[in-house]
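Me: Please select one part of the structure shown below and examine it closely. I should like a connected account that also places it among its neighbours.

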Amino acid sequence: MGYHQSRWGYRDIDHLKLVVRRFEDENIPLDGVWMDKDFMVDFKSFTVDTKRWYGLEEFVRELHAKGKHFVAIVDPGIAKEEGFKIYDDGMTANVYIKSNETKEALTGITWAGYSVWVDFLHPAAANFWENALEEFHRKVSFDALWLDMNEPSNFCDGECHDRMTYHYYYFPLDYYDDLYYNPTHRPLEARTISMEALHYGYETSKTATEFNYHNLYGLHQSRVTSNFFISRLNKRPFIISSSTFPGSGRYVAHWLGDNYSRWSDMEHSIAGMINFGMFGIPYVGANICGYSGNATENLCARWMQLGAFYPFMRNHNCRHGSPQEPYVSEKVKVASKTAILARYSLVRYIYSEYMETVIHGGT
């Protein structure tokens with residue numbers, strides 16, 4: 001319920017330690033330390049770069065000793081690399097979404113390069129995913145998980161089923177007679193996997209396609225991930241998911257996605273909080289100070305003040321943006337510290353209202 005600090009662009013373990021030390025030196029409260037893809041080997045989920053991030057587990061234990069928490073990012077796209085244990089285990093269990101053309105694991109592109117996606121509708125997928133998370137937890141004892149790219153996101157449109165050429169299969173809007181509404185008028189496969197991709201049960205059901213299950217992908221991943229915390233770690237889940245659907249609030253929190261360091265984006269975040277409360281996902285926040293671009297001193301100070309009253313308070317930006325931790329300037333520091341302390345003075349009330357919403361519903 002407190003303040004969370006994140007960014008894509010922490011260079012190595014020493015850089016992250018310096019960030020935490022600055023919070024301590026400035027006496028700024030900090031509950032959660034978040035890691036984007038920086039700690040991975042070639043952006044492959046479930047890996048830890050032991051060169052740049054040597055001692056990460058020891059660092060996490062130090063955070064725990066100080067009452068702080070560590071949150072790691074995980075993507076559902078698994079690097080298509082023979083010899084990579086997670087990929088090989090998934091192939092053995094036959095739990096990947098399949099191409100309608102080849103009936104083999106559908107191939108696309110993620111941060112990790114050529115990748116395949118877990119089919120969370122498969123009966124064996126839950127055990128596979130929980131085993132992967134458990135093995136990852138042995139490497140770094142995360143307290144919470146950040147499910148990203150689970151729309152599922154794909155850097156080629158549809159599928160790229162060979163290693164030489166991208167293949168774009170623009171799914172025609174009139175393919176199904178019951179598709180009445182496409183607000184963007186863009187191909188349905190833009191930046192995601194093929195709508196004709198096959199899920200578990202396709203041999204006996206014509207409806208087991210990505211076209212029918214696309215919007216449910218994040219929900220199914222969220223449910224399985226939540227169960228991992230309960231069944232494997234015996235702890236209350238704290239998960240934030242990029243993709244949500246009605247019912248996701250039972251399993252995960254949400255952030256409003258990649259935004260910009262603009263006054264208009266700060267303003268629009270307020271409506272986003274209210275909307276997701278109505279959608280049944282009450283624990284929601286925006287990237288404070290903005291994800292893309294460079295926040296001005298005035299903007300970041302004001303956004304930290306507003307963000308103190310978000311249900312979920314996290315400052316996050318991209319690797320190309322200027323640092324925007326709350327100690328970056330005297331003005332930002334004074335405004336941020338005052339706002340964060342105000343939030344902590346209300347934290348029991350915020351928690352009580354949150355639990356009231358969880359138990360009885362509401363916004």
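Reply: Helices (H or I, at least four residues) and strands (E, at least two) are DSSP runs numbered from the N terminus. The model is predicted, so local features need pLDDT of at least 70 and side-chain atom pairs pLDDT 80 or more, while totals for chains, interfaces and linings use all residues. Residues are numbered from 1 along each chain as its sequence is written, and side-chain values use heavy atoms, without hydrogens or water.

The part chosen is strand 2, residues 32-35. Gly32 and Trp34 point one way from this strand, Val33 and Met35 point the other way, and all are buried (under 20% relative accessible area, 1.4 Å probe, protein chains only).

Strand 2 pairs in the parallel sense with strand 1 (residues 3-5) over two bridges, two being the minimum that DSSP must find for a pair. It also pairs in the parallel sense with strand 3 (residues 69-74), over four bridges. Valine 33 is the bridge partner of glutamine 5 and stands opposite phenylalanine 70 in strand 3. Glutamine 5 in turn stands opposite asparagine 315 in strand 14, and three bridges join strand 14 (residues 313-315) to strand 1 in parallel.

Helix 1 (residues 13-25) completes a right-handed β-α-β unit with strands 1 and 2; right-handed denotes a clockwise path from the first strand over the helix to the second, with the strands pointing away from the viewer. Strand 2, helix 2 (residues 56-65) and strand 3 make a right-handed β-α-β unit as well.

These strands belong to an open sheet of nine strands with parallel pairing, in the order 12-11-10-7-3-2-1-14-13. Strand 12 (284-285) and strand 13 (287-288) each have a single partner strand, so one side of each lacks a neighbour in the sheet.

Note on methods:
Buried < 20%, exposed > 50% of the residue type's maximum accessible area, 1.4 Å probe, protein only.
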